[in-house]
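Student: I'd like to go through this model and ask why each label is used. Could we take it label by label?

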Amino acid sequence: MEDFSHADRYLRAKKRVEDIRGFYGNLITYLIVIPFLIWLNWRTTSFPWALFPAIGWGFGLLMHGLKVFGCDLVLGRGWEDRKIREYMSREEF
């Protein structure tokens, strides 16, 4: 049972690191693309259309960050772990 617990902790830690890496990749892309869109908007038209992707993507980035760093507003912190334990306790091995 010790090995399973260690392996389980390893897999969860690995997934958390992948989630954090995914968030930072999204953030870096946002910080590159949005200024480019603002520049493009400034050069082409007076209508501030660049605000729409900046606000929409920014909201998605905010939600991604809250989920990755432990503040899931929809299902609450630890919901996934509780559901996994619940389903595992229902299973009979």
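Student: Let's start with Ala-50: which residues does Ala-50 touch, not counting residues up to four places away in sequence?
Tutor: They are Leu-37, Ile-38 and Asn-41. A contact here means heavy atoms within 4.5 Å. Before we go on, bear in mind that this is a predicted model, in which local features need pLDDT of at least 70 and side-chain atom pairs pLDDT 80 or more, while totals for chains, interfaces and linings use all residues. Residues are numbered from 1 along each chain as its sequence is written, and side-chain values use heavy atoms, with hydrogens and water left out.

Student: What makes Asn-41 buried?
Tutor: The label buried is given under 20% relative accessible area, exposed over 50%, and partly exposed in between (1.4 Å probe, protein chains only). Asn-41 has a relative accessible area of 6%, so Asn-41 is buried. With residues up to four places away in sequence set aside, Asn-41 touches Phe-47, Pro-48, Trp-49 and Ala-50.

Student: How do you know that the side chain of Asn-41 makes a polar contact with Trp-49?
Tutor: A polar contact is a pair of N or O atoms within 3.5 Å; within protein, one must be able to donate a hydrogen and the other to accept it, and residues adjacent in sequence count only if both atoms are side-chain atoms. A polar atom of the Asn-41 side chain lies 3.1 Å from the backbone nitrogen of Trp-49, so the distance satisfies the cut-off of 3.5 Å.

Student: Which residues make up the largest nonpolar core?
Tutor: There are 8 residues in all: Phe-23, Tyr-30, Ile-34, Leu-37, Ala-50, Ala-54, Leu-61 and Val-68. Helix 1 (2-44) and helix 2 (51-68) each contribute at least two residues to this core, with helix 1 giving the largest share, 4 residues. The name applies because such a core is a set of buried Ala, Val, Leu, Ile, Met, Phe, Trp, Tyr and Cys residues joined through side-chain atoms within 4.5 Å.

Student: What makes Phe-23, one of those core residues, count as buried?
Tutor: Phe-23 has 10% relative accessibility, so Phe-23 counts as buried. Phe-23 is found in helix 1. Leaving aside neighbours within four places in sequence, Phe-23 is in contact with Leu-61, His-64, Gly-65, Val-68 and Phe-69. Ring pairs also link Phe-23, Tyr-24 and Phe-69 into a cluster.

Student: How many aromatic pairs does a search of the whole structure find?
Tutor: It finds 6 aromatic pairs. One of them joins Tyr-30 and Trp-57, at 5.4 Å centre to centre with 90° between the planes.

Student: Why is that pair of Tyr-30 and Trp-57 called edge-to-face?
Tutor: Rings of Phe, Tyr and Trp (its six-membered ring) pair if their centres lie within 6.5 Å; planes under 30 degrees apart count as stacked, over 60 as edge-to-face and the rest as tilted. The centre distance of 5.4 Å and the angle of 90° meet those two conditions, so the pair is edge-to-face. The pair links distant parts of the chain, with Tyr-30 in helix 1 and Trp-57 in helix 2, 27 residues apart.

Student: Are Tyr-30 and Trp-57 buried or exposed?
Tutor: Tyr-30 is buried at a relative accessible area of 16%, whereas Trp-57 is partly exposed at 26%.

Student: What makes Lys-15 and Asp-19 a salt bridge?
Tutor: A salt bridge needs a side-chain nitrogen of Lys or Arg within 4 Å of a carboxyl oxygen of Asp or Glu. The closest N and O atoms of Lys-15 and Asp-19 are 3.0 Å apart, so the pair qualifies. Because Lys-15 and Asp-19 are 4 residues apart in helix 1, about one helical turn separates them. Lys-15 is partly exposed at 40%, and Asp-19 is partly exposed at 30%. The whole structure has 1 salt bridge.

Student: Why is Pro-35 called partly exposed?
Tutor: Pro-35 has 42% relative accessibility, so Pro-35 counts as partly exposed. Pro-35 is in helix 1, and the C-alpha atoms of Pro-35 and Ala-54 are separated by 9.0 Å, at 19 residues apart along the chain.

Student: What secondary structure does the protein have?
Tutor: The protein has 3 helices and 0 strands, following the pattern α-α-α along the sequence. Helices (H or I, at least four residues) and strands (E, at least two) are DSSP runs, numbered from the N terminus. Of the 93 residues, 11% count as buried.
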